[in-house]
Amino acid sequence: MTNISISKLLIANRGEIACRIIRTAQRMGIECVAVYSDADKNAQHVKLADEAWYIGPSPAQESYLRSDKILQVAKQSGANAVHPGYGFLSENAEFAATCQQNNIIFVGPPVGAIEAMGSKSEAKRIMHEAEVPLVSGYHGDEQSESLLQAEADKIGYPLLIKATAGGGGKGMRVVESSAEFIDALNSCKREAKSSFGDDKVLIEKYLTKPRHVEIQVFADSLGNAVHLFERDCSVQRRHQKVIEEAPAPGLTEETREQMGQVAIKAAKAIGYQGAGTVEFLYDEDGSFYFMEMNTRLQVEHPVTEMITGLDLVEWQIVVANGNPLPKQQAQLSINGHAFEARIYAEDPNNDFLPATGLISYMGTPSTNQHVRVDSGIISGDQVSVYYDPMIAKLIVWDTDRNAALARLRGALADFHVAGLTTNIEFLHQLASNDSFIGADLDTHFLDKHGEELI
Ligand code: ADP
């Protein structure tokens, strides 16, 4: 491990997460280098950084995904570290390896850990060996139709076919019966091929009423690992998270501790370092199953920060510098309850079609210990077609879930965007919904209640 400290950090990202990383890094006395595309010439992350370098045209393929250009900027600017944020190059093992070969610290896990978790089937193999509980299923290399059909019949229905290279909710098919299997397999393979360039799949039992509960883990280069408790991300639309919260309502202390220990075991099994998230499906009866591990900082990390009082980006930098974790497990505890709502430029009345164009006005609620707004946008900015149309993350905290929910409703009512359609009213309806207030959660929450919220 390196003993050079990070003195100049290139942030290989844009939007709210670039701004959020820059704020912490600057507070730690680190100089920040932003990179930007044509569409982002006047973006907030460019203004916040100590210096900013142009890396190419607006499409991400020609800018934020150009590892060669980003590396070149790192070298020319004298940055000795790169923070990839989430999305873009954050889980690209080759990029992490190239950084290291050029003596640039990659603020993320070791290359081997990214590779191991990059394939859902490989990840499951490793976790099976480490005795981490898995949903029953088939994740082998052999992919003939007849074998997959036989495995499917063995697992039973309903089941889920997943692209092993998949992500972002893409490349998944629920299959209700044996007769439907081959058609679903073919359509899943087609989508996997076109989205990920790899049509390998795995099959697993489809849990009918699971919650998505994930554990935040952190490990350092000295062999220490802790968990920072859980987040419940069950409220999803097309497998994309809409609202996240921490802690997970109704989880017993015992289950929390078990899940935390299993997540640490999972991280240790792959020699993990830095911030990672172990995602589980959590069943009503308290059982839980490993789904995948995300080898980066998650969009929803702020809810964990709100209940632990920690700055996860600071921890990432500490660990990337080769230093021990700032705290041990016994020093960590949960304080209160937090929610994050993802505010999107999209139209809930029109199948959540993304909206693009000028944000003529954006007024955000005042921030304090109860309300935090992470955004890369201000009045007068454009939401372009090129990137994710998330405008802001609204994060709230209070001493218990109901009080935090009241804060969320209040803060959403104070969040105003003019010029573009947003999901703010939809989120407000969600935060006011009796089933949501009653924490009657599972991953089908929006399938069941979505109509009531529009
Ligand atoms: P991605 O990498 O595309 O996000 P995941 O494997 O993390 O895919 O799954 C995304 C979502 O799909 C989960 O949050 C959960 O809602 C649902 N899901 C995944 N596996 C299962 C399963 N075996 N049974 C029921 N739902 C599942």
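Guide: Two residues are in contact if their C-beta atoms, placed from the backbone, lie within 7 Å. Keep in mind that this is a predicted model.

Visitor: What is D40 in contact with, leaving aside its neighbours within four places in sequence?

Guide: R14 and V46. As for where D40 sits, look in the loop that runs between β2 (31-37) and α2 (44-48). There's also V383, 343 residues away along the chain, with a C-alpha separation of 9.9 Å from D40.

Visitor: Why is D40 called buried?

Guide: Buried takes 20 or more other C-beta atoms within 10 Å. D40 has 27, so buried it is.

Visitor: On to the helices. Why is α12 called roughly antiparallel to α13?

Guide: The axes of α12 (residues 401-413) and α13 (residues 424-432) come within 9 Å and cross at roughly 160°. Angles over 145 degrees count as roughly antiparallel, so α12 and α13 earn that label. The crossing is left-handed, too.

Visitor: Which residues make the contact?

Guide: On α12, L405, L408, R409, L412 and A413; on α13, I424, L427, H428, A431 and S432. Sorted by class, that's 7 nonpolar, 2 polar and 1 charged.

Visitor: And the ligand: which residues come nearest?

Guide: G167, L207, H212, H239 and T443, out of 21 around the ligand.

Visitor: Which strands each supply at least two residues of that shell?

Guide: β7 (159-163), β9 (201-205), β13 (274-282) and β14 (288-294). By class, the shell has 7 nonpolar, 8 polar and 6 charged residues.

Terms used
Residues are numbered from 1 along each chain as its sequence is written. This is a predicted model: local features need pLDDT of at least 70, side-chain atom pairs count only at pLDDT 80 or more; totals for chains, interfaces and linings use all residues. A residue is near a molecule or strand if its C-beta atom, placed from the backbone, lies within 6 Å of it. Helices (H or I, at least four residues) and strands (E, at least two) are DSSP runs, numbered from the N terminus. Ala, Val, Leu, Ile, Met, Phe, Trp, Tyr, Cys and Pro count as nonpolar, Asp, Glu, Lys and Arg as charged, and the others, Gly among them, as polar. A residue is buried if 20 or more other C-beta atoms lie within 10 Å of its own, exposed if 12 or fewer, and partly exposed in between; C-beta atoms are placed from the backbone. Axes are lines fitted to C-alpha atoms, for helices over the stretch in contact, and angles run from 0 to 180 degrees between N-to-C directions. Angles under 35 degrees count as roughly parallel, over 145 as roughly antiparallel, 65 to 115 as roughly perpendicular and the rest as oblique. A crossing is left-handed if the near helix is turned anticlockwise from the far one by less than a right angle, and right-handed if clockwise.
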